[in-house]
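Visitor: I would like to learn how to read strands and helices in a model. Please take me through some examples.

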Amino acid sequence: MSLRFSVLASGSTGNAIYVEADDKKLLVDVGLSGKKMDELFTEIGRNPKELDGILVSHEHSDHIKGVGVFARKHKLPIYANEKTWLAMENNLGTIPTDQKFIFATEEVKTFGGLDVESFGVSHDAAEPMFYCFHHAGKKLVLATDMGYVSERIKGTIKGADMYIFESNHDLNMLRMGRYPWNVKRRILSDVGHVSNEDAALALSDVISDNTSRIYLAHLSLDNNMKDLARLTVEQVLKEQDMPVGEQFELFDTDPLKPTPLTSV
């Protein structure tokens, strides 16, 4: 089986990404209720009881809201780094010891023929990290919840076949919007979220001849729109002489509807 994935849900109301290769099936984050997660799995024609584990990126509620319920219901192992475990454990309910596993930052874990590489990001959580998935020479990158994209991160994620990449907000919408200034300042900070423009500039440094699809993820409900994010990223990439619409395409994600299962 090829490396395949679906962005089940993406945004400040909840995040979950499904990844499979060979006979291994993983879920990154469970930021929605257990009931909604079951509905999303039905929509993509997969059974959550067949999952091999849940990988947790960080302890914010839009990434862990359903982790405890979902793991207990389907008897799934949970993988997170030590600081994230300490930060989230009280919010998960009782998790049996044999379902708890450490997945350190900057580590590679192998699940059958699927190698999962973790990397740290700059975000206001205990020790946030995201993942590169490697299988049969293909590479899928999941990178959201970043205040900025460092040169170290760019080196790790460069040359992927597909990206699920944060495009959180439009700068003008955020500046003119209803959020209090302290929240705006947090989003704009080095431990906040990446804007449409900054996402495009970072992508222009990591896209390679292999890259065929980019999914714009974790869009703010209040400070962004799908069309605006896509048009802004497309415009900046074209200004950087990137072959958007030719070599690779941009795709939307949704807070409540999964993207079709896609082979990398």
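**Helix α1 and its neighbours**

Guide: Just after α1, Gly 45 takes a positive phi of about 70°. This is a predicted model: local features need pLDDT of at least 70, side-chain atom pairs count only at pLDDT 80 or more, and totals for chains, interfaces and linings use all residues. Residues are numbered from 1 along each chain as its sequence is written, and side-chain values use heavy atoms, with hydrogens and water left out.

Visitor: How do helices and strands get their names, and which residues of helix α1 are buried?

Guide: Helices (H or I, at least four residues) and strands (E, at least two) are DSSP runs, numbered from the N terminus. Buried means under 20% relative accessible area, exposed over 50%, partly exposed in between (1.4 Å probe, protein chains only). In α1 (residues 34-43), the buried residues are Gly 34, Lys 36, Met 37, Asp 38, Leu 40 and Phe 41.

Visitor: What do the buried residues of α1 pack against?

Guide: Contact means heavy atoms within 4.5 Å. The buried residues of α1 pack against β1 (4-9), β2 (16-21), β3 (24-28) and α3 (67-74). On the α3 side, Val 69, Phe 70, Lys 73 and His 74 meet Gly 34, Met 37, Asp 38 and Phe 41 of α1.

Visitor: Now the strands. Which way do β1 and β2 pair?

Guide: Two strands pair if DSSP finds at least two bridges between them. β1 and β2 pair in the antiparallel sense, over 5 bridges. Ser 6 stands opposite Tyr 18 in β2. The hairpin of β1 and β2 has 6 residues between the strands, and Gly 11 there takes a positive phi near 150°.

Visitor: What else does β1 pair with?

Guide: β1 also pairs with β14 (residues 262-263), in the antiparallel sense over 2 bridges. Arg 4 has Ser 263 in β14 as its bridge partner. β1 is mostly covered, with 5 of its 6 residues buried.

Visitor: How should I read a helix crossing, say that of α8 and α9?

Guide: Axes are lines fitted to C-alpha atoms, for helices over the stretch in contact, and angles run from 0 to 180 degrees between N-to-C directions. The axes of α8 (residues 196-206) and α9 (residues 226-239) come within 8 Å and cross at roughly 40°. Angles under 35 degrees count as roughly parallel, over 145 as roughly antiparallel, 65 to 115 as roughly perpendicular and the rest as oblique. α8 and α9 are therefore oblique to each other.
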